[in-house]
Amino acid sequence: MNLTYIDWLIMLVYFIFVLGIGFALKRYMRTSNDFFLAGRSIPAWVCGLAFISANLGAQEVIGMGASGAKYGIITSHFYWIGAIPAMVFVGIFMMPFYYGSKARSVPEYLRMRFDEKTRAVNAFSFAIMTVFSSGISMYAMALLIQALGLFHGIIPDQYIFHVSVILSAVIVLGYIFLGGLTSAIYNEVLQFFLIVAGFAPLVWIGLKNVGGWDGIKHTLPTTMTRSWQGMAHASTNSLGVEWVGLAMGLGFVLSFGYWCTDFLVIQRAMAADSEVSARRVPLIAAIPKMFFPFLVILPGLIAVSVTSHMPGAGAAVVSHANPGSAVPLDEAHPHGIIPQKMDALSGKPVLDTNGNPVYNYDLAIPVMLLHFFPTGILGLGLTALLASFMSGMAGNVTAFNTVWTYDIYQAYINKKGSDQHYLWMGRMATIGGVILSVAAAYAATSFNNIMDALQLIFSLVNAPLFATFLLGMFWKRTTGHGAFTGLLAGTGAALVHHGLTLPADAQPGIHGAWIHLVHTYPSDMAQNFWTAIFAFTVNLLVTMAVSMVTAPRPESELVGLVYSLTPKPVETHLEWYEKPSTLAFAVLGMLVVLNLVFA
Amino acid sequence: MGLDIRVPLGLIFLITGGIMSLYGIFTRGNVALYEKSMGVNLNLGWGLVMFIFGMIMFIVGRRQKWQDDPVTPRPWERGKGH
């Protein structure tokens, strides 16, 4: 890669600002409340942008670009079906309990609503998850820097990975240690605008190159340019999922389970300056979220449509995939500028079992940057990419230090510390969290399968979670014992379902069927969605059954925690257009329009 | 918090946009450089857009009084005293 001083200068400016914000905010960190909750004083729009930015980590940008290149615009379901409805729901219905209950974290809400043991399950699984997620993010970033040869010729090649990991760890640690959640939120806003500024011109110039959206439609098979086509049956779309699995599994269980219960994002809304603001946060976030497919998925589509530098361009235009097989599009559409996967050890292209080359879709967006951006704006594009990696990492670290300090340290280790002590603990937890993330990143380098296994375990733990919150918030009869057993039963059900089923063309083992093969799904995505549906249903039923036979808490203790016992938020002082529900309808309306346009 | 996010946000866009537009001006005639971006001088064009965005953010951020500073009580501290 040919970077000039101007590219380095632009990246340097970014890093100076990132740390500068931490230093500027240091003097405002007087109490633990300032450090963990940003003093509950941040305006809604700032929290809203941080809300999506924290989620827009490495896996998101790289993964969605890769998925766009591989599957097409259908990937946008992960945004449109898989995020927006849940974001509207959490803003309108759930935020009053999170914010209004004065809970400082999601596990703490579970303790107030249910009991200590339910909180413990959530706090520990969440803390472990965040550390590994940020470790994976760090690992992905270092790999990418290595693959792009960013430091090539500046430092010896064998140190590039280590330098990237340490550098990103030190920077994230620096700004969170100094400015806590406020610093993380401010940086996420910065990162949001940089990501937009870096990717928007990329999409523009890319579209210009391939002849606009019409050009893409002309080059690629229709299954890649239509989001709803073939959703009636699993075998006629590239995801290998039918619409029931998509709507229930992704649209309901998984997406609500993430956006409505994951403290990583909820923490951003909890930092808002009032309850009305907190409710607006996810709604404001939903608007840019809706249009993100155009920034992160579209480059993937453009990357496979670009034909100018392809040997035998034009010949690769394939009319349609062979009907009948589930996930055929992979090899059946043009690969544009997507590079082949290289074996890191031998330096030769990787071939699949049939001797065909394997394409490295993860490089879709980075390759686009290198292909279209001249030096100067290339620095900006790389800054945007690095910014997205950092925001994902920082989101995990701030969520970790809060849950560790409030829900593990204060709950089980030292109950009677002073506020200053907990502030100190938060800073130490930040250091600890970053060190653990680095360890996780190195674990990923030596055991690739361990990361797959961990991702799997997270999905099994997360899948049933939403049922617990749904019942807890909207059914006052739900008891602590019910929630606890339901949660464990739901995770158990997910585990058993995974042990009995297998995606097509996978071997029994880590991918499933380690108990006995009962059912085969057309794709791993379908398996994943249905695992979530089963886990959710079992949790729902078990929680209800156990709640019926155990003693409920007195209603007076549940005011502010349960829907039917909490006074509705007062909105009379707001004009109609200021009300969260108006915003919610506007968001849902836009969502319908987008789906119709790309149906 | 006592720092309006629009001030640093405005500044980083002013500086980055400024660097890019200046570089764009100096490399105006360089056909080889902009061959990648199909002859469009992205540095100058997009750099100016970013510069203007940064300026708006910076000015708005400086004008608006940020609601909270270290001396006045925070939302949860208010109400206690009066």
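**Exercise 1. Work out what share of the contacts in chain B between residues at least 6 apart in sequence join residues at least 24 apart, and describe the chain's helices, strands and burial.**

Among those contacts in chain B (contact means heavy atoms within 4.5 Å) between residues at least 6 apart in sequence, 70% join residues at least 24 apart. The model is predicted, so local features need pLDDT of at least 70 and side-chain atom pairs count only at pLDDT 80 or more, while totals for chains, interfaces and linings use all residues. Residues are numbered from 1 along each chain as its sequence is written, chains are lettered from A and ligands numbered from 1 in the order in which they are written, and side-chain values use heavy atoms, with hydrogens and water left out. Next, chain B has two helices and zero strands, where helices (H or I, at least four residues) and strands (E, at least two) are DSSP runs numbered from the N terminus. Finally, 43% of the 82 residues of chain B count as buried, a term for under 20% relative accessible area, with exposed over 50% and partly exposed in between (1.4 Å probe, protein chains only).

**Exercise 2. Describe the interface of chain A and chain B, going from its extent to the make-up of the side on chain A.**

Begin with the extent: 48 residues of chain A are in contact with 34 residues of chain B. Between them the two chains bury about 3,600 Å², of which 77% is on carbon and sulfur atoms; buried area is the accessible area (1.4 Å probe) that two parts lose on being put together, summed over both. Phe17(A), Tyr28(A) and Tyr186(A) supply 16% of the area that chain A buries against chain B, more than any other three residues.

Then count the specific pairs. There are zero salt bridges between chain A and chain B, a salt bridge being a side-chain nitrogen of Lys or Arg within 4 Å of a carboxyl oxygen of Asp or Glu. The rule does find five residue pairs in polar contact across the interface, both residues at pLDDT 80 or more; a polar contact is a pair of N or O atoms within 3.5 Å, where within protein one must be able to donate a hydrogen and the other to accept it, and residues adjacent in sequence count only if both atoms are side-chain atoms.

Last, look at the side of chain A that touches chain B: α9(A) gives the most to it, with 13 residues. By class, this side has 33 nonpolar, ten polar and five charged residues, with Ala, Val, Leu, Ile, Met, Phe, Trp, Tyr, Cys and Pro taken as nonpolar, Asp, Glu, Lys and Arg as charged, and the others, Gly among them, as polar.

**Exercise 3. Find where Arg279(A) sits and what it touches.**

Arg279(A) has its place in helix α14 (residues 275–305) of chain A, and it counts as buried because its relative accessibility is 7%. Beyond its neighbours within four places in sequence, Arg279(A) is in contact with residues including Gly91(A), Met95(A), Pro569(A) and Glu571(A). A polar atom of the side chain of Arg279(A) lies 3.4 Å from the backbone oxygen of Gly91(A).

**Exercise 4. Explain why Cys47(A) has no disulfide bond, and say whether helix α20 of chain A is enclosed or open.**

A disulfide is a pair of cysteine sulfur atoms within 2.5 Å, and the count over all chains is zero. The sulfur of Cys47(A) is 17 Å from the closest cysteine sulfur, in Cys260(A), and is therefore too far for a bond. Cys47(A) is buried, with a relative accessible area of 0%, and Cys260(A) counts as buried at 0% relative accessibility. Turning to helix α20 (residues 465–474) of chain A, eight of its ten residues are buried, so the helix is largely enclosed by the rest of the structure; among them are Leu465(A), Phe466(A) and Met473(A).
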